[in-house]
Amino acid sequence: MSIVSSSPDYQHIFRSLPGNYLLLNPDGTVVECSAGFAAVAGRPPEALVGGSLADAWPNGAHAAERLPELLELARSTGQPQTLSFPAAQTTSRPFPQQRITYGPLFDAQGQLLYLLLSLEPVAASPAVAPSDNAASVLALQQQLDTTNLTLQQALADADAQRKRLYSLFMQAPAAIASLTGPNHVFELVNPGYQQLVGKRPLLGKAFQEGIPELQGQNFFELLDAVYRTGETYYGREVVAFMDRENTGRLSPYHFNFIYQATRNATGQIEGVLIFAYDVTEQVLVRQQLEQSELELQTANEELATTNEELHASNEEFLSSNAELFSTQQQLRVLNQELESRVKQRTQELELARQEAERQRARLERFFMQAPAAICVLEGPDFVFDLVNPIYQQLFPNRRLLGRQLKVALPELANHTALRTLRQVYETGVTHEEKALPFSVFSPEGDPPKTVYFNYIQQARYNAEGQIDGILVFAYEVTEQVQARQQEAQSARALETLTNAIPHLVWASSPTGETEYYNQQWYDYTGATFEEVQGNGWQQLIHPDDLPAVQEQWAAALLSGKPYQIETRLRSAAGTYRWFLVRASPSRNDQGVITKWYGADTDIHDQKRLEQALLESEQYFRIMTDRVPVVVWVTAPDGRCTYLNEQWYKYSGQTEAQALDFGWLDIVHPDEAALVRTVFWDANTRQVPFNFVYRLKGKDGTYRWFADMGQPKFNSDGEYEGFVGAVVDIHERKMAEHALRLASQKLATTNKDLRLANRQSELANEELALTNERLTRINQDLDNFVYTASHDLRQPVNNLAGVFEELKRSATFHDPEAEQLVQMFEGALSQVHSTIQGLAEVVHVERRNDQVPLEPVALLQLTHGVLQSMQSQVAAAQAEFELNFDAVPTVRFARLNLQSVLYNLLSNALKYAHPDRKPFVRVSSELAEDDTPVLVVQDNGLGLDMASYGDDLFKMFRRFHDHVAGSGMGLYLVNRIVQQAGGHIEVDSTVGVGTTFRIYLKVTE
């Protein structure tokens, strides 16, 4: 059995608090506001959040003045601080005398994160105790603090990861540079590369201009070749004559380097990446080593002859020394034996003396160093006769030795401990206490502090066997007692929380015996705890499901891994419903499982829908078989589970041959391994799959196809595999091949130009012809995409007509039929939107060459776009703020800028936050380099940039599925801006909103 782990909506909880609470940043900015405080201030929480403490309520200005003082106290003491304020009168109503309490909230490193402000009216009567809700409010505050700390840590981790990636590049122990364009302009240079040319500036310069001394050393030609062909070049220990000190003198240096082409989103080469190591030192060392090895070999040959002569002489010398060495050994053994006897006797005497000393000091050390508070009280007046350091630390700055207990510690005069001391002194019976509270007073006059002790009081006897004192052993257990109290409080909070969620929640011991169920469990099953405790819950599992449930639950208990299963559970009415059962183990600091927490989620309706979908599969097959492209579906493990009729018509395969991974059998051998790798990578990362490869038809010939797949997820966000389409692009591929041949011919022509200047005129004519041919090919490619999208519209319209006829003529008895019809209509709409998007891409590409640049008044253009969206604006009740004072007019293609604004503003309405009206701010500003910037800011759903930032402008990529869309809007926006020489920056926060900044290129 299992629990679904999800964080509560602490913002909603905090705003629902009936008390008067504000959550503040250390600078006094309001982070959150409770409903109680909003009522006191007479303003909604949304109007207070983000404002200052001084503006929050009439006494806010006075409280803000004291904020620096309170912050310092909070950091130094870690304790809440309280202030009182007199009554106040506003224009709307009077405010009584008030008392506020600041509670500091720290992170795990002790850094102050927030201040929790509690506002209470001070009545004329004496102060009363806090309300019964205080404990629950504190628990909610603690949960809110924990969630805020988690969010702060997640944001810090994301920022640290971004900085770490940038730091890795800039601190890489290699020379790295990025060049852009055919002139190889430096757009990025790390410190390692900059060291190659000293203080000479490189950024923004062409490679030949930045390092001109490389002229004639073949490096410029290599860069040109990589840029033309896209083929990576590897250089090993290549010598380069460079002026690294900028003195005008060239010196030789050796490098290992890589020139690699970089491509844009469409796969076109846009620059070259350089990755280089200076291996000059290694080359010189190796050369010196080779010379040294040659010299060493000669010397070794000479030494070999000398060693043979020395060896004969040593043999005679060793023979003479052997007898002398034997005599010396005998004398040495005798001397060592005598020294050993003297040393042993001396050590025995010293050990005896040390043992006597240790015996004397052992008892004292035990007493004074024992990890417990120990004292000896003498006589019936209990005079402190001996006190160890730990006992003294309990009462700092107090003199205990030689004083009576009741004089030295007057606060214990009426305490239970003094009464039991008398009993032990009178009876001699040892007394023991567990977790007994004591109020300890400090000599500085601070309020008493409650501490808890486990202690033993034991009688001490004199030589005549009479009691003459008491020996006290005490251990402070305040932390353990407070931990138990906090655990009990957490248990009550857990019970409250689990009873508030719409799931059957339970908890069991490490061995699987269930110890707790929430109220929803009892309401659904009608069982009592006595009936289902331990393993009694198994009687409620459907008999057909019970063996699998028992087996998997036992496996989870054995392995300690999370547990999940779908099973049927009997209700109080005797009927069974499907539940998704999940459980996760809770571990202590040592990693030992202390408890299992589980939750059962009702998925009965989902199961019925899955059955209905399964029964409607034949309708799906009929419809997809009429689409003029190959449609395929896979399972989460990558196995192909469906291919439409178009696949079988082309390939000649049967279902048994094509499904699972059989479709790979007809992939061209040159691409088969790479196709498998790319597909597995996309399936593992659950990202879109796009690849172009050849497939063998049933006639044995190969044709080029574009394979595109999108991951699909269910309503719970669980990955369910891919849905994709395979489109025949053979004719387009042939055109691309012709383009490559033309490019290769152009490269050959350029080389001939360098080798034979006399043929330059002829080569230029051939180049002009080639460029004309390339232009026609590019136009043919655009026409092909446009024609393909246009030709696909009619089959889709035919499919829509067939489906409309089916709805009109057929009768559906299944209650789920209406939902299935809506799903299919949505799918048709998605296909139609995708075709429109493809056509729009081509339209934008053509329009960029045709639409002239002109001065565009931003306010007039924006009013025109909003007028065209009037129905959407009215339906959403959206508000717009327009401010173009910074840059009222820009020079841009009017139609293209209108398209950019329309897409961004329509997205702001489509993805509005359901809990608030859309508010969109459209403005202009100037960047630091005087680049005009168009800003569109909304308060909608927002995006998780850490997860989806890299995919934001990709074609067909969508991030919210609750509204229809093709995933083409942001791609077109980015394409228009990039082709105009600009770029886009995006800042987004989930639940807060998104800001787009469009940097427009300055044109003359």
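Tutor: Helices (H or I, at least four residues) and strands (E, at least two) are DSSP runs, numbered from the N terminus. The model is predicted: local features need pLDDT of at least 70, side-chain atom pairs count only at pLDDT 80 or more, and totals for chains, interfaces and linings use all residues. Residue numbers start from 1 along each chain as its sequence is written, and side-chain values use heavy atoms, without hydrogens and water.

Student: What percentage of the residues of the protein chain count as buried?

Tutor: Buried means under 20% relative accessible area, with a 1.4 Å probe and protein chains only. The protein chain has 30 helices and 34 strands. Of its 1004 residues, the buried part is 36%.

Student: Which strands stand at the edges, each with a single partner strand, in the sheet that holds β19 to β22?

Tutor: Two strands pair if DSSP finds at least two bridges between them. This open sheet pairs antiparallel in the order β19-β18-β22-β21-β20. One side of each edge strand is left without a neighbour in the sheet, because each has a single partner; these strands are β19 (514-517) and β20 (563-570).

Student: In β22, what is the bridge partner of Leu504?

Tutor: Strand β18 (residues 504-508) runs antiparallel to β22 (residues 593-602), and five bridges join them. The residue of β22 that pairs with Leu504 is Asp600.

Student: At about what angle to β20 does helix α17 run?

Tutor: Axes are lines fitted to C-alpha atoms, for helices over the stretch in contact (heavy atoms within 4.5 Å). Angles run from 0 to 180 degrees between N-to-C directions. Helix α17 (residues 546-559) lies across β18, β20, β21 (576-587) and β22, and its angle to β20 is about 145°.

Student: How much space lies in the largest cavity?

Tutor: On a 1 Å grid over the protein atoms alone, a cavity is a set of points where a 1.4 Å probe fits but cannot get out; lining residues have an atom within 4 Å of a point. Grid points are joined across faces, edges and corners, and a volume is the space filled by probe spheres set on the points. There are three cavities of 30 Å³ or more. For the largest cavity the space is about 260 Å³.

Student: Which of the residues that line the largest cavity are the closest to its centre?

Tutor: Elements that each supply at least two lining residues include α13 (416-427) and β15 (431-440). The lining has 19 residues, and the closest to the centre are Tyr391, Phe395, Leu412, Ala417 and Phe438.

Notes:
Buried < 20%, exposed > 50% of the residue type's maximum accessible area, 1.4 Å probe, protein only. 1 Å grid on protein atoms, 1.4 Å probe; cavity = no way out; pocket = protein on both sides within 12 Å on 5 of 7 lines; lining within 4 Å.
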